[in-house]
Amino acid sequence: MSNTDHPAHKVCWSCKGPVDASALFCDTCNAIQAPGQLDHFKRFGLTPSFVLDIDAVEATYLKQQQLLHPDRFASKSGREQALSSQQAASLNEAFETLKNPVSRAHYMLRLAGIEPEGGEGHTVNDPELLMEAMEMREALHDAADKGTIDAMIKDTRKQARACETDLGDALASNAFDTAKKLTTRLRYLMKMTEEARAKKSRLAAA
């Protein structure tokens with residue numbers, strides 16, 4: 001996986017000493033640092049990989065979120081308050097991107113210089129996948145009872161898990177064309193699961 005290299009250290013704005021590029025605070029003077037150009041994985045101390053322990057990522061996220069809470073900087077300088085807001089925004093963006101398998105795959109493709117299929121201004125050019133999605137949507141439209149919809153949800157979730165496994169393998173081996181197609185398929189499967197759950201809720205409320 002190709003990635004943009006960033007310096008291992010930066011200069012603390014407060015004491016001018018060296019600071020690790022991924023540090024939230026300066027070890028010397030404890031001043032909060034700017035988020036810099038860290039990628040989302042490095043922000044959580046991870047190497048880029050599609051296979052993640054999301055619970056561990058969330059634990060790191062909550063710990064950092066607590067350290068960066070605006071209340072902790074209420075009596076600090078305007079610069080430190082601004083930096084805490086920047087760090088918090090960067091942290092939230094990183095976590096939201098990594099916790100969702102589709103956005104995580106899109107991010108990994110972009111790190112490698114590959115634009116995902118079906119993104120902004122990009123159409124999906126895969127007739128087989130489009131046909132599969134259309135058939136799933138028609139089946140959901142025709143489903144009239146909770147049992148049928150439950151079976152659809154179970155099936156799409158099973159397919160999504162298998163697709164995630166294949167996607168992880170494709171990204172790990174830099175098979176980017178395959179990864180692009182699998183990411184698009186995973187997006188459709190997750191969307192179908194959401195739509196099926198929504199229809200189940202509507203039937204239950206009727």
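This passage walks through the core, the salt bridges and a charged patch of a predicted model. Residues are numbered from 1 along each chain as its sequence is written, and side-chain values use heavy atoms, with hydrogens and water left out. Local features need pLDDT of at least 70 and side-chain atom pairs count only at pLDDT 80 or more, while totals for chains, interfaces and linings use all residues.

Start on the inside. The largest nonpolar core (buried Ala, Val, Leu, Ile, Met, Phe, Trp, Tyr and Cys residues joined through side-chain atoms within 4.5 Å) has 41 residues. Here, buried means under 20% relative accessible area, exposed over 50%, and partly exposed in between, using a 1.4 Å probe and protein chains only. Phe-41, Phe-44, Leu-167 and Leu-171 have the most contacts inside this core. Helix α6 gives the most to the core, with eight residues; helices are DSSP runs of H or I, at least four residues long, numbered from the N terminus.

Next come the salt bridges, seven in total. Each one is a side-chain nitrogen of Lys or Arg within 4 Å of a carboxyl oxygen of Asp or Glu. In one of them, Glu-132 pairs with Arg-185, with the closest N and O atoms 2.8 Å apart. Glu-132 sits in helix α5 and Arg-185 in helix α7, so this pair ties together parts 53 residues apart in sequence. Arg-137 also bridges to Glu-195, at 3.1 Å between the closest N and O atoms, again linking α5 with α7. Lys-191 joins Arg-137 and Glu-195 in a network of salt bridges.

Notes: Helix = DSSP H or I, 4+ residues; strand = E, 2+ residues; numbered from the N terminus.
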